[in-house]
Amino acid sequence: MPSSPRARARLRALCGAAVLLTAGAGVPAAAAGTAPAWSVLPSAGGGTRPAQDGRPYFYAEGAPGTVLQDKVAVTNPGGRPLTVRLRGADADNTGTGALSLRKRSTDTGAWITFARREVKIPARTRAEVPFTVTVPADATPGDHPGAVVASANGRDSGVSVHLRVSGPTLSALTVERVRITGGRISYDLVNRGNTVLTPRLAVRADGVLGRALDRRPRTLPVELLPGRRVTLGEPWKDAPALDSVRVRLTVTAGGGAHDEATATKRFVPWAAVAGTCAVILAAGGAAFWFVRRRRHANGGNDGNGENGENGENGENGGNGENGANSGNHGNHGSQEIQGSWS
């Protein structure tokens, strides 16, 4: 996508001209009884990186304030004319990392202008539609992903636009909110820079009983766009049944992006613990019942013995009382005798 005053003049001329149509050659005929699907691709001869065998996406790079140009090719292999509507869109990440398009464009999608937004393509014909990308003067440097979207016959089809605005770039990401639940390690990845990142993840878990998990770095199937946050997860079906572990996640990406995060988890076999507690409680209850029953059974014998002891004590008490009474009588006799002597 060249950017110069001369190129801009050419672009205005293209926008005012009719859409380029290439009929016949290279377009397969429809099979009997079937309706071949229409397609949209970058034009083979357009852009800053043209390719004879076709390009998988649009690539454009320019400084703020420049105007870039390219062409999109829409092919109608059917036997009837096809009306196609074109629009630009901003690329986005879903919450789980998949690529999607925003409903309302405020970035690259809003900067795209087509020579004609609605194109009527004759049967078995390919139409090449020029378009421009006008980079605002205040556009931030870095990657601005978008798409060219074509709509026809109730179907949407798009081609990615990889736009980079010239200037300083920063590759940075963070891994946050690490959770371990239900045999799964969940975490958030956040692109803190201004370039699209393809992260690599390594997972390690160390427990009291030794290494519990060790997964070497691998590339995640995610294109993390600037400023986006996604929630991803790692299965951990062979987690330990009994241990206290510390899980460490290490993420890296091109441009020197790097971050780490940890989380701790105690694995306790609660079902086994509950079963053991139930057995202990049952055994304790049985022992208590047995001791109580035995004491109750021996209670009558103990009472008889106590009665016998009481009887014995009563007898001894009677003897003592008798002795005391006898002694008292003796004392009275002595006093009387002494009294008579005086």
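**Strand pairing, cores and selected residues in a predicted model**

Strands S5 and S8 run antiparallel and are joined by 4 bridges. One of the paired positions links Leu82 to Ile121, its bridge partner in S8. The model examined here is predicted.

Strand S5 has further partners. It is joined to S10 by 6 bridges, again in antiparallel fashion. Here Leu86 stands opposite Ala150 of S10. S5 also pairs with strand S6 (residues 99–101), in the antiparallel sense and over 3 bridges. In that pairing Ala91 faces Leu101 in S6. S5 and S6 together form a hairpin, with 5 residues between the two strands. Gly97 lies in the turn and has a positive phi of about 105 degrees. Of the 12 residues of S5, 9 are buried, so the strand is largely enclosed by the rest of the structure.

The chain as a whole was then considered. Its secondary structure comes to 4 helices and 18 strands. The chain has 342 residues, and 33% of them are buried. Its exposed surface is about 19,900 Å². Carbon and sulfur atoms supply 52% of that area. Contacts between residues at least 6 apart in sequence were also examined. Among these, 68% join residues at least 24 apart.

In soluble globular proteins, nonpolar side chains tend to be buried together. In this model, the largest nonpolar core has 28 residues. Val72, Val84, Leu86, Phe131 and Val148 have the most contacts inside it. Several strands give two or more residues to this core, among them S3 (58–62), S4 (67–76) and S5 (82–93). S7 (112–114), S8 (118–121) and S9 (125–134) also give two or more residues each. So do S10 (142–152) and S11 (155–165). A second, separate core has 27 residues, including Leu201, Val230, Trp236 and Ala257.

Val148 shows how one core residue is surrounded. Residues up to four places away in sequence are not counted here. Val148 touches Phe58, Val72, Arg87, Ile112 and Phe114, among others. Its contacts also include Phe131, Ser157, Gly158, Val159 and Val161.

Two serine residues were examined in turn. Ser43 lies in the loop between strand S2 (39–42) and S3. Its relative accessible area is 1%, under the 20% limit, so Ser43 counts as buried. Leaving out residues up to four places away in sequence, Ser43 touches Arg55, Lys71, Val72, Ala73 and Glu128. Val72 is also listed among the residues with the most contacts inside the largest core.

Ser100 is found in strand S6. Its relative accessibility is 25%, which lies between the limits of 20% and 50%, so Ser100 counts as partly exposed. Apart from neighbours within four places in sequence, Ser100 is in contact with Asp90, Ala91, Asp92, Asn93 and Thr94. Ala91 is the residue that stands opposite Leu101 in the pairing of S5 and S6. Ser100 and Gly146 are 46 residues apart in sequence. In space, their C-alpha atoms are 9.8 Å apart.

Two open sheets were also described. One has 4 strands in the order S15-S14-S17-S18, with antiparallel pairing. Its edge strands are S15 (210–219) and S18 (257–267), and each pairs on one side only. Neighbouring strands of this sheet are turned by 10 degrees against each other on average, direction ignored. Within the sheet, S14 (residues 200–207) and S17 (residues 243–253) pair in the antiparallel sense over 8 bridges. At one position Gly207 stands opposite Val245 in S17.

The other open sheet has 3 strands, in the order S12-S13-S16, and its pairing is antiparallel. S12 (173–181) and S16 (229–235) are the edge strands, each pairing on one side only. In this sheet, the average turn between neighbouring strands is 20 degrees, direction ignored. S12 and S13 (residues 184–191) pair over 7 bridges in the antiparallel sense. Asp188 in S13 is the bridge partner of Glu176.

How values were computed: Residues are numbered from 1 along each chain as its sequence is written. This is a predicted model: local features need pLDDT of at least 70, side-chain atom pairs count only at pLDDT 80 or more; totals for chains, interfaces and linings use all residues. Side-chain values use heavy atoms; hydrogens and water are left out. A nonpolar core is a set of buried Ala, Val, Leu, Ile, Met, Phe, Trp, Tyr and Cys residues joined through side-chain atoms within 4.5 Å. Buried means under 20% relative accessible area, exposed over 50%, partly exposed in between (1.4 Å probe, protein chains only). Contact means heavy atoms within 4.5 Å. Two strands pair if DSSP finds at least two bridges between them. Axes are lines fitted to C-alpha atoms, for helices over the stretch in contact, and angles run from 0 to 180 degrees between N-to-C directions. Accessible areas come from the Shrake-Rupley method with a 1.4 Å probe; for residues, only the protein chains shown count as cover.
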